[in-house]
Amino acid sequence: MTQLKVIHGDIITIACDIIVNAANNGLQGGGGVDGAIHQAGGPAIMEECREIGYCPTGSAVITSAGDLQADYIIHTVGPVWMGGTRGEAEKLQSCYEESIELAVEYRADSLAFPNISTGVYKYPKDLAAPLAIKTVKEMLKKQGTEMEIFFVCFDAENAELYKKLIE
Ligand code: ADP
């Protein structure tokens, strides 16, 4: 059954089949959620990322999950916010769409998303949250699939926004 759940916490702690990472184009790790996933998952994830080498903004790639409980990590690259006139919304939407596509392909029953682009990439949280929720709902419908979706909000502001929109 499709269920959208909001969690205020750390994505590393979520028990689910696939965890989505907010990566960068070079897939070389960084701070924020990316750093947390690589730190907790160990070096195997980075090795696979190195082999893949590059991921365009708005796209998603998949690796194993290393030492994490999940089966896979989907690495997707959100847009850097440049004021909203550089196709940021389309690219952010595409991150959620491609992630769901991969999750369906890999037969996930549960998927955890961080709040892509709303950290260092500065996408306004109040614009990103409704876009994420709408896109995920539409994509699951389009794919004709049921999945448990966790929107994992690390900061209180995102948690509030998502709770208001979902509950
Ligand atoms: P981006 O470069 O896409 O903005 P960031 O990692 O800087 O990626 O931030 C994306 C979101 O992930 C932010 O809302 C940030 O608060 C959140 N975040 C940071 N660490 C974690 C974590 N361990 N679990 C879940 N979300 C996290």
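In which sense do β2 and strand β5 pair, and over how many bridges? I shall begin there this morning. Strand β5, residues 110-113, pairs with β2 in the parallel sense, over two bridges. One of the positions concerned is Ile 19, whose bridge partner in β5 is Ala 112. Please keep in mind throughout that this is a predicted model.

Let me now place that pair in its setting. The strands belong to an open sheet of six strands, and the order across the sheet is β1-β6-β5-β2-β4-β3, with mixed pairing. At the edges are β1, residues 3-8, and β3, each of which pairs on one side only. From one strand to the next, the twist averages 25°. A helix also packs on this sheet: α5, residues 156-166, touches β1 and β6, the latter being residues 148-153. The direction of α5 makes about 155° with that of β1.

I turn next to β2, residues 18-22, and its pairing with β4. These two strands pair in the parallel sense over five bridges. Three positions illustrate the register. Val 20 has Ile 74 as its bridge partner in β4. Asn 21 stands opposite His 75, and Ala 22 stands opposite Thr 76.

How enclosed is β2? Five of the five residues of β2 are buried, so the strand is largely enclosed by the rest of the structure. Its side chains divide between two directions: Ile 18, Val 20 and Ala 22 point one way, while Ile 19 and Asn 21 point the other way, and all are buried.

Strand β4, residues 72-76, gives a similar account of itself. Five of its five residues are buried, and therefore β4 too is largely enclosed by the rest of the structure. Here Tyr 72, Ile 74 and Thr 76 point one way and Ile 73 and His 75 the other, again with all of them buried. Beside its pairing with β2, strand β4 pairs with β3, residues 60-64, in the antiparallel sense over five bridges. In that pairing, Thr 63 has Ile 73 as its bridge partner.

Two residues of β4 deserve a closer look. The first to discuss is Ile 74. Leaving aside its neighbours within four places in sequence, Ile 74 is in contact with Ile 18, Val 20, Asn 21, Ala 60, Ile 62, Ser 99, Leu 102 and Ala 103. Ile 74 is also among the residues that touch the most other members of the largest nonpolar core, which has 49 residues. The others named with it are Ile 18, Ile 19, Leu 111, Ala 112, Phe 113 and Phe 151.

The other is Thr 76, which also lies in strand β4. Why is Thr 76 counted as buried? Thr 76 has 28 C-beta neighbours inside 10 Å, and a residue is buried if 20 or more lie within that distance. Its contacts, leaving aside neighbours within four places in sequence, include Val 20, Ala 22, Ala 23, Ser 59, Cys 95, Glu 98 and Ile 116. By way of a distance, the C-alpha atoms of Thr 76 and Gly 35 are separated by 14 Å, the two residues being 41 apart along the chain.

I come now to the ligand. It is surrounded by 21 residues, and the closest are Ala 22, Gly 32, Gly 119, Tyr 121 and Phe 154. Which element gives the most to this shell? Helix α1, residues 32-41, does so, with four residues. By class, the shell has eleven nonpolar, seven polar and three charged residues.

Finally, a word on the backbone. Most residues other than glycine have a negative phi. Leu 27, in the loop between β2 and α1, has a positive phi, near 55°. Leu 27 counts as buried, because it has 23 C-beta neighbours inside 10 Å. Lys 122 has a positive phi as well, near 65°, and is found in the loop between β5 and α4, the helix of residues 125-143. Lys 122 has 13 C-beta neighbours inside 10 Å and therefore counts as partly exposed.

To close, I return to the sheet: β2 pairs in the parallel sense with β5 and with β4, whereas β3 and β4 pair in the antiparallel sense. Thank you for your attention.

Definitions and conventions
Residues numbered from 1 in each chain as written. Predicted model: local features only at pLDDT ≥ 70, side-chain atom pairs only at ≥ 80, totals over all residues. Buried ≥ 20, exposed ≤ 12 C-beta atoms within 10 Å, placed from the backbone. Pairing = 2+ DSSP bridges. Near = placed C-beta within 6 Å. Nonpolar A, V, L, I, M, F, W, Y, C, P; charged D, E, K, R; others polar. Axes fitted to C-alpha atoms, helices over the stretch in contact; angles between N-to-C directions. Contact = placed C-beta atoms within 7 Å. Core = buried A, V, L, I, M, F, W, Y, C linked by C-beta atoms within 7 Å.
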